[in-house]
Amino acid sequence: MPALRAAVAGHQRDRYGLEYDPGAEVLITTGATEGIAASLLGLCEPGDEVVMFEPFYDSYPAAAAMAGAVARTVTLRPPDWSWDPAELAAAVGPRTRLLLLNTPHNPTGKVFGADELAAVAGVCVEHDLVAVTDEVYEHLVFEGVHRTLAGLPGMRERTIVLSSAGKTFSFTGWKVGWACGPAALVSRVRAAKQFLTFASGGPFQHAVAAGLAAGDRLVEPLRRSLQSRRDRFCDGLAEIGLEVFRPDATYFAITDIASIGEADAVEFCRTLPARCGVVAVPCSAFYADLSAAPSLVRWAFCKRPEVLEEAIVRLKALAVP
Ligand code: PMP
């Protein structure tokens, strides 16, 4: 819908100072998930390599595989989810076509800092890579500042920026997302989207356009409420004895269950519903190597405060006496 493409262009201009032509440089997608798939299908050829940070949103390697591309990973390490620039340099080779970045980051809640983004941008420019940046949590930031990779020198002309209404407005089921970038790249993403879904939820697009036009008035209360839920929930997890890696953004928190004498996150998460009536996800789901992060577990706190309180009460059964 033209109204939503214009609203997305206005959002990128007002928030990041980046101009996109709503006609040629903005594409509406069926959630950011389709944006990711269409970007990889449209921009990669079979055998191309895609560099991504792990842990990753699990659709990344799946979408790369559908495109016939090969994923190369750079590992973020707790407690601060920092990474080694030498590992990034080593991950880039002659077949590397694209770098896929997610900030703010699921599952860690990391917000990539200015220096980190500059290092990523430097690699993209040096090796003439296309960047795809997934910014679906751009508004759900509690500490630090979210910056878009497209705003760095030399990046606007080589970057597809993805986002969606799902997290920003808490409308995850609406599946309205968007891709912004230079016309030559967006046209390739559009060519893939044409044969994935052709078009997406028309009536919802008008509502999202109105939401984006309303600016922070709608988003700020959600952000503040998630921040207080983060604080209460992470405090509760820590009271149980879990080592908590408090997130700077998003609505996920990672803990290390080794601190309560548990070793196997997959087994822990499989049995947790029966033991406590609570669910969580083993972080191995977000790594290429299933044996990586054997004791890390991701919790979601995008729940009503009373549900989070009840979860903490139930999880107290796990506390080491
Ligand atoms: N990217 C990331 C990093 C996510 O965590 C999610 C949702 N879990 C998505 C994309 C999907 O967004 P959408 O609902 O707009 O498809």
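In this predicted model, the ligand is surrounded by Gly31, Ala32, Thr33, Tyr57, Asn102, Asn106, Asp134, Val136, Tyr137, Ser164, Lys167 and Lys175. Sorted by class, this shell comprises four nonpolar, five polar and three charged residues. The element that contributes most to the shell is helix H2, spanning residues 31-43, which supplies three residues.

Side chains of the shell also approach polar atoms of the ligand. Tyr137 places a side-chain N or O atom 2.7 Å from an oxygen atom of the ligand, and for Ser164 the distance from a side-chain N or O atom to a ligand oxygen is likewise 2.7 Å. On the side of the ligand's nitrogen chemistry, a nitrogen atom lies 3.1 Å from an N or O atom in the side chain of Lys167. Of the 400 Å² of accessible area that the ligand has on its own, the protein covers 92%.

Two helix pairs describe part of the packing. Helix H1 (residues 2-16) packs with helix H8 (residues 202-213) at an angle of about 25°, and their axes are 8 Å apart. Because angles under 35 degrees count as roughly parallel, H1 is roughly parallel to H8. The crossing in which H1 passes H8 is left-handed.

Helix H2, the main contributor to the ligand shell, packs with helix H7 (residues 183-196), where the axes come within 8 Å and cross at roughly 110°. That angle makes H2 roughly perpendicular to H7. The crossing of H2 and H7 is right-handed.

The backbone has several notable torsions, listed here with their values.

| Site | Torsion | Value |
|---|---|---|
| Glu54 to Pro55 | omega, cis peptide bond | near 0° |
| Asn106 to Pro107 | omega, cis peptide bond | near 15° |
| Trp81 | phi, positive | near 60° |

Each of these sites can be placed in the fold. Pro55, which follows Glu54 through a cis peptide bond, is in the loop between strand E2 (49-54) and helix H3 (59-66). Pro107 lies in the loop that separates strand E4 (96-102) from helix H5 (114-126). Asn106, the residue on the other side of the cis bond to Pro107, is one of the residues around the ligand. Trp81 is located in the loop between strand E3 (70-75) and helix H4 (85-91), and its positive phi occurs in a residue other than glycine.

Conventions
Residues are numbered from 1 along each chain as its sequence is written. This is a predicted model: local features need pLDDT of at least 70, side-chain atom pairs count only at pLDDT 80 or more; totals for chains, interfaces and linings use all residues. Side-chain values use heavy atoms; hydrogens and water are left out. A residue is near a molecule or strand if one of its heavy atoms lies within 4 Å of it. A polar contact is a pair of N or O atoms within 3.5 Å; within protein, one must be able to donate a hydrogen and the other to accept it, and residues adjacent in sequence count only if both atoms are side-chain atoms. Accessible areas come from the Shrake-Rupley method with a 1.4 Å probe; for residues, only the protein chains shown count as cover. Helices (H or I, at least four residues) and strands (E, at least two) are DSSP runs, numbered from the N terminus. Ala, Val, Leu, Ile, Met, Phe, Trp, Tyr, Cys and Pro count as nonpolar, Asp, Glu, Lys and Arg as charged, and the others, Gly among them, as polar. Axes are lines fitted to C-alpha atoms, for helices over the stretch in contact, and angles run from 0 to 180 degrees between N-to-C directions. Angles under 35 degrees count as roughly parallel, over 145 as roughly antiparallel, 65 to 115 as roughly perpendicular and the rest as oblique. A crossing is left-handed if the near helix is turned anticlockwise from the far one by less than a right angle, and right-handed if clockwise.
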